[in-house]
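User: Please take a close look at one part of this model, namely the salt bridges and the side chains that form them. I would also welcome a connected account of the cysteines and of any nonpolar surface patch.

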Amino acid sequence: DLWRDEVLKNWPDLHTSIETIFGSDDMVACCSIVSGTHTQFGRAATWSDCSFYRIKGERIVETWGVEDGLSQIKQLGYRIHEPVKEPA
């Protein structure tokens, strides 16, 4: 609940569109496109997310995922610069 509340505080219009979902044995994988407007930056962003769930009975017992955070922060206005090589 804390995680959900924090996400929705920053992205109140968050929308997730499931692109692909499949399962095998006790695992389910879900790839989606996520979009929303960030309250602090006032900018919209769209990024991809893939999440994996382990199911036992009717409950999710393990979850992990990967999202395209670089695309997200670039759309919010962050600038990514090549690092400067430090002298030896």
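Analyst: In this predicted model, Arg54 and Glu62 form a salt bridge in which the closest N and O atoms are 2.9 Å apart. Glu62 is partly exposed, its relative accessible area being 35%. Arg54 is likewise assigned to the partly exposed class, with a relative accessible area of 27%.

Arg54 also forms a salt bridge with Asp26, and here the closest N and O atoms are 3.2 Å apart. Arg54 belongs to strand β3 (residues 43–56), whereas Asp26 sits in the loop between β1 (15–24) and β2 (27–38), so this pair ties together parts that are 28 residues apart in sequence. Asp26 is partly exposed, with a relative accessible area of 30%.

A further network arises from salt bridges that share partners: Asp1, Arg4 and Asp5 are joined in this way. Within this group, the salt bridge between Arg4 and Asp1 has its closest N and O atoms 3.1 Å apart. Asp1 counts as exposed because its relative accessibility is 67%, a value that lies over the 50% cut-off for that class. Arg4, with a relative accessible area of 42%, is partly exposed. Over the whole structure, the search finds five salt bridges; those described above are among them.

The cysteines give another result. The search of the whole structure finds zero disulfides. Cys30 is in no disulfide, and the nearest cysteine sulfur, which belongs to Cys31, is 6.8 Å away; a disulfide would require the two sulfur atoms to be within 2.5 Å. Cys30 counts as buried, at 11% relative accessibility, whereas Cys31 counts as partly exposed, at 24%. The two residues therefore fall on opposite sides of the 20% limit under which a residue is called buried.

There remains the nonpolar surface. Phe41, Leu70, Tyr78 and Ile80 form a nonpolar patch there, and together they present about 390 Å² of accessible area. One of these residues, Tyr78, is placed in the segment after α2 (69–75). Tyr78 counts as partly exposed, at 44% relative accessibility. That value is over the 30% relative accessible area that patch members must have.

Methods: Residues numbered from 1 in each chain as written. Predicted model: local features only at pLDDT ≥ 70, side-chain atom pairs only at ≥ 80, totals over all residues. Heavy atoms only, no water. Patch = residues over 30% accessible without salt bridge, like charges linked within 9 Å, V, L, I, M, F, W, Y side chains within 5 Å. Areas by Shrake-Rupley, 256 points an atom, 1.4 Å probe, with all protein chains shown as cover. Salt bridge = Lys/Arg side-chain N within 4 Å of Asp/Glu carboxyl O. Helix = DSSP H or I, 4+ residues; strand = E, 2+ residues; numbered from the N terminus. Buried < 20%, exposed > 50% of the residue type's maximum accessible area, 1.4 Å probe, protein only.
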